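Biologist: Please take a close look at one helix pair in this model, and then set that part against the rest of the chain. A connected account would suit me better than a list.

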Amino acid sequence: GASIETYLLEKVRLVHQSPGERNYHIFYELFSMKDEEDEEDEDEDDDNAPSAVIEKIGITEFDMEDFKLINMSDTYDRRDGVPDEETFADLKEAMKIMGFTRDEMTNVFGVTTAFLHASNLTFETVGEIECRLEMDNPHLDYVVDLLGITKEGLNKALCYYEITIGGRGGKGGETHQKVLSQEQAEKGILALVKATYGALFNHLVARVNASIAGDAGAGGKAKGKGRGAAKGASIGILDIFGFESFLVNSFEQLCINYCNEALQQQFNLFVLRNEQEEYDREGIPWSFIEFPENQDVLDLIAFKGTGILNILHDQCRTPGASDKTFAMAMYNKCAPHKRFEADARQTAEQLFGVHHYAGLVEYDVDGFVEKTRDELPKSGSDLLHSSNNELVKAIADVLEAAAAPAKKKPGARAGGTGQRPTVGIQFSTQLQSLRSKIDATSPHYIRCIKPNNALVPNVFDAALIADQLRCAGVIEAVRVSRLGYPQRFAHTQFISRYQILGRKMKKKANSKKFNPAKALVHSIAQNMPVDQGDDIGIQVGKTKVFLRRSAYDLLEKMRRERIASASVSIQRIGRGFLCKRRYKKASGGIIIIQCFVRKVLATKLVGEMRRQYNSIILQRAWRKYSARNRYLSTKCIARWCQTHYRGSIGRRQYNEFNREVKARYLQACWRGYYALKSFKTHLNAILTIQCARRCLVARRELSQLKADAKDFANVAKERDILRKEAAALKAELHKLKEESVAAPVQVIDAVADGKKDAEIKSLQSALEQLSKEKESTETELKEVKETLTTLKSERDMAAGAIDDIKQVNESLQTKLDSREEELKSREEELNTREEKLRCANDCLEQMQKDLDELKKSKVHLNGSSDVQESSAAPQSPAVQESLTGINTENTQDVPEMVELKDAQVVVLKEELEDLKETNETLQIDNDQLKAENLALTSKTADLAKSIDEMRKNIDNQPTRRLSEMSESQENVDTAIGDESTFAIE
């Protein structure tokens, strides 16, 4: 398992950033969600989708420049060029790995965004001192929603301060409320943001520790309780901040530099200890090396009683303390110290300087006391406890645990209460614990050097790098190492690298009596210059060979010279071998070249003789080819001119013929349309006269009935008769309802409807057969086109023979004459067929109108019968006879209309049979058209178009008419059936 510990979170960066410096990265990464698309597997109404999250946390309407917490330095992008989108994606992936759910991640992002909105809260004055939050601030709603608190509670926590007087442990006393000014309230917002952010950071660290603790975190405590429990091995990674020195340095820089001073002292001791241990382990005599000591700086900062942090701690516990009182106390106690600096200018501006190991750093006292206290009022903690957000409640628990008073010491007064340690004392205690852990381990140091301030590659600032090495203590460590034996080699490494310098002496030595490394050093010492003295700067240890810097440089120089001389000898031998091989190769190549040149000359002579002979043959063949080509070109041009001239004559004749055919077709269409229009006009006139005649007869009968109704004697008789027959009619009506006897009109309608349905079905079947025949004609027309294309190819083949062209022209002329007659007859047949189709459509329309009239007559008949039954009681016998006469007359008209309809259906059948015969004749004609030439292609296309139009008319119009007739017939039957049932009831 693993565990993470934090040291001095820089919460001041939340509310203040230097120019060119960003706030914490998470605030900028949240705005990258605006450009993030929802995942495919997420639902559109998912509350954790990026679009829903940014709407919830309230960054849709605002940009980075709108928040005071991150717009102080006008720096929004990272200097290293890493996009925030990538780092935010890595953050979410890491949180998933640590076991955070999507709801928890959304909650963490929401609380973090609440800090941004809280920095934009504003106050308004009420009276002289009192203030309150501006309730119309749009950021206030997001703060209370994301933190799960109320506006009244937030206003009370920021604008008022509670003081408890009396009681014990803060309980049982009297509570007074103090009004805060606007400036104090604004500072309260910043204190709330810093405290809450620090608690959130600690909460997330604890959550991560719980996730990565593993077996050590689960059972480590139980194992450590027993005596003699073995402590397991551990590896710790410490990431510390470097030495800081800015234009304005505050409390944070003092703590950071104090930590670096302590760790630098430990690093110095570690380097000296390692040097001493290694020399003792190898048996090398050595003398003490002077090393700079910085214990006085540590005493100046953290010595008990007189240290700066202890003075600051005492001032924070003193009522009414301020930065000025702290500065005066520090000047009085620390002025004699040699590492402390405070001249008249610094004293007037409340500044002081400390001579660190890396140099002088000047600190500004402003804000020291407030930053050291780092206390959140109890009202702020209570406000977070009242939240309905579980994460905010957890943060409040962290704040409450951190603000818990320290335990009482044995000598403390009875009734006294412990106080929470200040930030400086906490940091000093954590640093001492860290040093204890480092002393108990074997540390390894990794120094990270920044090559330039621009964070760009391949740019090295020598002054910046040297300053970093000096601040990190690396230069001092190198100086200490150079004073001793900085170069160290294992025996095997030393022998493999420098054996070329003592090779001759090593052969004379007895390797069984001496150590090989010592023998090699002895032989090398004899070859070294005499002015070195007894100490040649080389010491042979048990496992390593130690070299001083001068000895190492001399050995490297001797090694380079030996390697250079050896390389010259090797090059001399190699170059001689290469020259000999190159000479043998050149002599053999010269002989081969001579043979090849002689062969080429002989081949060239033979080739010249052959080219002379072949040129004569080629000239003869070319002259023959040129003469034949001129003859064939003349012949082809003459043939091409004849073909185009004859083609132009044929096309002109064909165009004249085509115009005549189209004129005849237009005339036929106009004549058919005019005849159909006159027929419809006559038919409508006939129907109008019939309706007028029937209306006249009906009005006469109605006037007669009205005259009979005015006779009082008839009315009295009818009244007596009706009274007698009332009971009989009621019994008969009840009997009719039980028997459900259909009226005679219904029988007639049922018979007529059955015949009509059978006729419609036969018409539909005939139309379907006709459509099939049309499809067969279309396929035959396609075959005709294919045969015409074959004729075209045959005609092209026949164009090569002059004698055959004359015979073909004569045959084509005869075929054209015969084709003109056939086309005329075909056009007449097509015109007759179109007229028959129009007549069929008119018949279908007339049938539809007849059906509508039949429906109206049936409705009128049923309505009259209903009227008769409803008025049976008060009418006289004469009225009843007149009504029955009208009903019988209407019933007599219905069979006549049905017979008319039957006659029209018979006519339609005959026309359909004629259409079938015409289709058969067209099929025969199409078979004969398969042998026609290319000149008839345009006419065939026109014929195909006309057939397509006929097919559309036959497919669409009769079928549509029949469907309308069937629907209307069904509606009539339904209406008649309903009305008849109603009449019977």
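**A helix pair and its surroundings**

Modeller: In this predicted model, helix α11 (residues 295-302) and helix α12 (residues 308-316) have axes that come within 3 Å and cross at roughly 0 degrees. An angle under 35 degrees counts as roughly parallel, so α11 is roughly parallel to α12. On the α11 side the contact is made by L300, I301 and A302, and α12 contributes I308, L309 and N310. Sorted by class, the contact holds five nonpolar residues, one polar residue and no charged residue.

A second helix pair can be set beside this one. Helix α5 (residues 102-118) packs with helix α17 (residues 390-402) at an angle of about 65 degrees, and their axes are 9 Å apart. The range from 65 to 115 degrees counts as roughly perpendicular, and α5 and α17 are therefore roughly perpendicular to each other. The residues in contact are N107, V108 and V111 from α5, together with L391, V392 and I395 from α17. By class, the contact of α5 with α17 has five nonpolar residues, one polar residue and no charged residue.

The nonpolar cores come next. In soluble globular proteins, nonpolar side chains tend to be buried together. The largest nonpolar core of this model has 61 residues, and F27, I70 and L154 are those with the most contacts inside it. Leaving aside neighbours within four places in sequence, I70 is in contact with Q17, N23, F27, Y28, F31, M64, T75, Y76 and L116. Apart from the largest core lies another, of 35 residues. I301, which takes part in the contact of α11 with α12, is among the residues of this other core, and L254, F340 and I438 are also among them.

For the chain as a whole, the protein has 29 helices and ten strands. Of its 985 residues, 34% count as buried. Among contacts between residues at least 6 apart in sequence, 71% join residues at least 24 apart.

Charged pairs can be followed in the same way. The whole structure contains 17 salt bridges. In one of them, the side chains of R22 and D84 meet at 3.4 Å, N to O. R22 lies in the loop between α1 (12-15) and α2 (25-29), whereas D84 is in helix α4 (residues 84-97), so the pair ties together parts that are 62 residues apart in sequence. R22 and D84 are both buried.

Another salt bridge joins the side chains of D141 and K151, at 2.8 Å, N to O. D141 belongs to helix α6 (residues 138-147) and K151 to helix α7 (residues 151-159), so this pair ties together parts that are ten residues apart in sequence. With a relative accessible area of 33%, D141 is partly exposed. K151 also counts as partly exposed, at 26% relative accessibility.

The salt bridge of R549 with D553, at 3.6 Å, N to O, sits within one helix. Both residues lie in helix α24 (residues 549-709), four residues apart, which is about one turn of the helix. R549 has a relative accessible area of 33% and is partly exposed. D553, with a relative accessible area of 37%, is partly exposed as well. Elsewhere among the charged residues, E278, R488 and K544 are joined into one network by salt bridges that share partners.

Two loop positions deserve a check of the backbone. D74 has a phi near 55 degrees, a positive value in a residue other than glycine. D74 is placed in the loop between α3 (50-57) and α4, the helix that also holds D84 of the salt bridge with R22. The relative accessible area of D74 is 59%. The cut-off for exposed is over 50%, so D74 is exposed.

Q350 likewise has a positive phi, of about 55 degrees, although Q350 is not a glycine. The place of Q350 is in the loop between α14 (344-348) and β6 (351-356). At a relative accessible area of 23%, Q350 is partly exposed.

To return to the part you asked about, α11 and α12 are roughly parallel, and I301 of α11 is among the residues of the core of 35.

Technical notes: Residues numbered from 1 in each chain as written. Predicted model: local features only at pLDDT ≥ 70, side-chain atom pairs only at ≥ 80, totals over all residues. Heavy atoms only, no water. Axes fitted to C-alpha atoms, helices over the stretch in contact; angles between N-to-C directions. Parallel < 35°, antiparallel > 145°, perpendicular 65-115°, else oblique. Contact = heavy atoms within 4.5 Å. Nonpolar A, V, L, I, M, F, W, Y, C, P; charged D, E, K, R; others polar. Core = buried A, V, L, I, M, F, W, Y, C linked by side-chain atoms within 4.5 Å. Buried < 20%, exposed > 50% of the residue type's maximum accessible area, 1.4 Å probe, protein only. Salt bridge = Lys/Arg side-chain N within 4 Å of Asp/Glu carboxyl O.
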